Amino acid sequence: MENRLCAWWFARYGARNEARGNAQLRTELLAGAAGRVLEVGVGTGLNLAHYPATVEQLIAAEPEPTMRQNAAEAAARAPVPVRIVAAFADALPVGDGSQDAVVVSGLLCSVPDPAAALADSRARQNT
Ligand SMILES: C[S@@+](CC[C@H](N)C(=O)[O-])C[C@H]1O[C@@H](n2cnc3c(N)ncnc32)[C@H](O)[C@@H]1O
């Protein structure tokens, strides 16, 4: 999957919404995250700065190469250890029940079958 235009648009204009309330929403979304966490469709990595120190290991999946490169740059500045991986929501590279939490934000409008993507993500959680 390659979509450079989308990646360019997201990097250039998507970040503007952070100052308009998105950053606060990301902090609230991630406040309870802890332990081993998987984020699906991490995009350019706008969530990464908002993970709390209670997260021990974050695996961040993103199928689009330019977005993934941007996420890798954000990961280098993140407050928690991040491993960026190339993966789609229906082929996540972690075992069932292996994660303490799975995070999605802004993803479900992009996937062909949102219910299946959620079910796949849910299966990766251990609770
Ligand atoms: C609107 S962006 C949201 C990015 C990020 N989660 C955020 O909150 O800023 C949607 C992301 O989902 C990714 N995506 C699209 N289809 C996907 C799929 N089938 N599996 C995983 N990620 C996908 C896109 O490449 C894009 O990075």
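This passage describes the overall fold of a predicted protein model and the surroundings of its ligand.

The protein contains four helices and four strands, and these elements follow one another along the sequence in the pattern α-α-β-β-α-β-β-α. The radius of gyration of the protein is 14 Å, close to the 14 Å that the globule rule gives for 127 residues, so the protein is as compact as a globular protein of that length. Taken along the principal axes, the box filled by the C-alpha atoms is roughly 35 × 30 × 25 Å.

The ligand is located in the largest pocket of the protein, where 18 residues surround the ligand, and of these Arg26, Gly41, Glu62, Ala89 and Ser105 come nearest. Grouped by class, the shell around the ligand comprises nine nonpolar, five polar and four charged residues.

Polar contacts to the ligand involve both side-chain and backbone atoms of the protein. In the case of Arg26, a polar side-chain atom lies 2.9 Å from an oxygen atom of the ligand, while an N or O atom in the side chain of Glu62 is 2.6 Å from an oxygen atom of the ligand. Gly41, by contrast, contributes a polar backbone atom, which is 2.7 Å from a nitrogen atom of the ligand. Taken alone, the ligand exposes 600 Å², and 89% of that area is buried by the protein.

Notes: Residues numbered from 1 in each chain as written. Predicted model: local features only at pLDDT ≥ 70, side-chain atom pairs only at ≥ 80, totals over all residues. Heavy atoms only, no water. Near = heavy atom within 4 Å. Polar contact = N/O pair within 3.5 Å; in protein donor to acceptor, adjacent residues only side chain to side chain. Areas by Shrake-Rupley, 256 points an atom, 1.4 Å probe, with all protein chains shown as cover. 1 Å grid on protein atoms, 1.4 Å probe; cavity = no way out; pocket = protein on both sides within 12 Å on 5 of 7 lines; lining within 4 Å. Sits in = over half its atoms within 2 Å of the grid points. Nonpolar A, V, L, I, M, F, W, Y, C, P; charged D, E, K, R; others polar. Helix = DSSP H or I, 4+ residues; strand = E, 2+ residues; numbered from the N terminus. Rg over C-alpha atoms; globule rule 2.2 N^0.38 Å.
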